[in-house]
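This report introduces a protein model to a reader who has not met it before. It treats cysteines, aromatic rings, nonpolar cores and one helix in turn.

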Amino acid sequence: MSELPAPVPEANTHCPYCALQCGTQLRGDSEVGVKVQPTNFPVNRGRLCQKGWTATEVLNTADRLTRPLVRGADGRLKAASWDSALDTVAEGLQRIRAQHGTDAAAVFGGGGLTNEKAYMLGKFARLALGTSQIDYNGRFCMSSAAAAGNAAFGLDRGLPFPVTDLSSAETVLLAGANVAETMPPLMQHLDQAQLIVMDPRRTATARRAALHLQPMPGTDLALALGLLHVALVEGLIDRSYVYERTLGFDAAAQRAMAWWPERVEEVTGVPAGTQRKAVRMLAEARSAYVLTGRGVEQHSKGTDTVAGFVNVALALGLPGQFGSGYGCLTGQGNGQGGREHGQKADQLPGYRPITDPAARAHVAHVWGVAPDDLPGPGRTAYELLDALGREQGPRGLLVFGSNPAVSAPHASHVAERLASLDLLVVADFVPSETARMADVVLPVTQWAEEEGTMTNLEGRVLRRRSLLPPPSEVRSDLHVLHDIAVRLGEPANRYPTDPQEVFEELRAASRGGKADYSGISYERLDAGETLHWPCPDARDPHPGTPRLFLDRFAHADGKARFADVDYRGPAEEISPAYPLYATTGRVLAHYQSGAQTRRIAELNEAVPAAFLEIHPDTAARCGLADHNLALVASARGSMTARVRTDVTMRLDTVFVPFHFPDESRANLFTHPALDPHSGMPEFKVCAVRIAPYQE
């Protein structure tokens, strides 16, 4: 009797890309290949975007890192054993710390790391290295909204309500968010709503809008002030809500009174009548939401700009009301969880401030050390990268889950700083542009080869499940951190390698914090429970908190705060030498620095190279036409891209996607001016000139 064929392995997990974390089922193995199908998970309801459908192709990409690499005396990266590679890392770190002090070693993390990895990375940096110098690429994504949310509500969770609540919305303002390309499955939840889209470009999302506000880049805060002004003078303020649930209204209102719609039109280019219509649409809706994205956040005044839109939402009585609200559309896959558990420069697990004595005492107790053993706050992401190799800066850097050679602003300068290091170590699964610069490259697991948890944009904690074993010489990031820590003299049991064991420790470390996971367990998640944080440990299992602020905000007095913010221009204005504004962003086919998506044939065919989106009249004035190769130059550097004319573009603005490497890096021209509250660089606006590219 013949044997029955072995069942095909299956795993229910989540997409490796954006913060929606769409539900997927994987089937297959390394022999027959892996197929993906969407599940009926609430955020995606059986749908995936182009990236999600093709995500499994990167699992067997031809240049997958499968062995450690160490740079030899000849300057070339060569295969090495794990012991040799890890010894090189540990010896280099010990030498750097002995010569220059503990803060001479630094760590740079990523918003795509699981909660367990992000937690352990922060612990490793502060205990094994004893350094304050740790931050992550999420500083470049959601930090301005996080700062504004904490100030306004006392707590930062991207969406303080489930995504599915948006399906009943009557009107939604999308400020600086192109979700039709960056989060396509989210659009089904907005099908019934009148969309007001604020974006300098007529994006795919703007084309589906009932109303498009097209401001000049860098002027979003002026527009927010104008919207609040309209609400004030037209009597659209929810006075009882403002009185009962908020503080600081009078100061914010006084600021806004100086920004009448006609003045705002002069600054932004958005017609006064369009401003008035937008506010009336929000105020008259039975159910309304204000949602912000990277477009308003990635500025040197991003925190103030987000606060300006929060002010509008508060004035209309939206946050903390069932069926209405304010939210930030978190970008990276674990952009929410990644900013909660300790890989930020100023933070300990549970979203605890590292300067708070009680927070330090709690986490130190969980870690088995004295509070004074924990370092204080360090540099934010760009400040950290800018300090590399300098006299008072880090001399060694460990990079996990990030590609700053492409993703950081003023990229040529960042590449110079990376090259100046005594030791650069990169843990990755593909040879990213940053990995190619490294002294040691450590091959680590991919999403379908590992267990763990992620936290999506609505604060729901999810299980990532493995389908495949990793290649034989590939290790998890948790194993890498453990092995380096032990070589540095740390106790082995301080750095567990089992994700569930790490999560149990994370639960304890987060207990009582703003982002309290102590009531969440693998057992509850695997049983199918829907758990949003905060979810404290309790005698009767806590159901989680899908909707925040319905009764009170997270400040001690229960009230939300208006922000007293005023407009200021971008860090760099246009001039005769640089007469155009440039803005950057994502396209449907690619994700972040493109290290994964550029390796997938279908996605690469869809958008194979960088392009310059420009109005045809502007292109003609610059001596350019469709498909010409153009040079885009700022005071910091230049890149090349093919011209793509679009009659809907503003005459004073050009757009370039940031997913591409080498001479096509948009971040060669972006501005590193930082938001004083969040450390966010000014990715979204700078002054450039355009010319035909000359060989």
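The structure, which is a predicted model, holds zero disulfides. A disulfide is a covalent bond between the sulfur atoms of two cysteines. To count here, the two sulfur atoms must lie within 2.5 Å. The sulfur of Cys-328 is too far for a bond, because the closest cysteine sulfur, in Cys-141, is 10.0 Å away. Cys-686 is likewise too far for a bond, since its sulfur lies 15 Å from the closest cysteine sulfur, that of Cys-622. Cys-328 counts as buried at 2% relative accessibility, and Cys-686 is buried with a relative accessible area of 0%.

Aromatic rings form 15 pairs in the structure. Two of these pairs are set out below.

| Pair | Centre to centre | Angle between planes | Geometry |
|---|---|---|---|
| Trp-259 and Tyr-567 | 5.6 Å | 75° | edge-to-face |
| Phe-503 and Tyr-522 | 5.5 Å | 55° | tilted |

The pair of Trp-259 and Tyr-567 links distant parts of the chain, 308 residues apart. Trp-259 sits in the loop between α9 (249–257) and α10 (261–268), and Tyr-567 in the loop between β21 (560–561) and β22 (580–585). Both of these residues are buried.

Phe-503 belongs to helix α19 (residues 499–510) and Tyr-522 to helix α20 (residues 522–526), so this pair ties together parts that are 19 residues apart in sequence. Phe-503 and Tyr-522 are also buried. In addition, Phe-153, Tyr-326, Phe-549 and Phe-553 make up one aromatic cluster.

Phe-153 and Tyr-326 reappear in the largest nonpolar core, of 117 residues, where they are among the members that touch the most others, as is Leu-93. Helix α7 (residues 220–233) gives the most to this core, with 10 residues. A second, separate core has 77 residues, including Val-34, Phe-41, Ala-193 and Leu-457.

Leu-93 is one of the buried residues of α2, together with Trp-82, Ala-85, Leu-86, Val-89, Ala-90, Gly-92 and Ile-96. These residues cover an arc of only 160° around the axis and therefore lie on the same side of α2. On the other side of the helix, Ala-98 and Gln-99 are exposed. The cover over the buried residues of α2 includes β6 (105–109), β16 (396–400), β17 (423–428) and α18 (477–487). Among the residues that Leu-93 touches are Ala-105, Leu-398, Leu-423 and Ile-484.

Helix α2 (residues 82–100) has 19 residues and spans 27 Å from its first C-alpha to its last, close to the 27 Å expected. After α2 comes Gly-101, which has a positive phi near 100°.

Key. Residues are numbered from 1 along each chain as its sequence is written. This is a predicted model: local features need pLDDT of at least 70, side-chain atom pairs count only at pLDDT 80 or more; totals for chains, interfaces and linings use all residues. Side-chain values use heavy atoms; hydrogens and water are left out. A nonpolar core is a set of buried Ala, Val, Leu, Ile, Met, Phe, Trp, Tyr and Cys residues joined through side-chain atoms within 4.5 Å. Buried means under 20% relative accessible area, exposed over 50%, partly exposed in between (1.4 Å probe, protein chains only). Helices (H or I, at least four residues) and strands (E, at least two) are DSSP runs, numbered from the N terminus. Contact means heavy atoms within 4.5 Å. The expected span of a helix is 1.5 Å times one less than its number of residues. The arc is that of the directions from the helix axis to the C-beta atoms. Rings of Phe, Tyr and Trp (its six-membered ring) pair if their centres lie within 6.5 Å; planes under 30 degrees apart count as stacked, over 60 as edge-to-face and the rest as tilted. Lists of a residue's contacts leave out its neighbours within four places in sequence.
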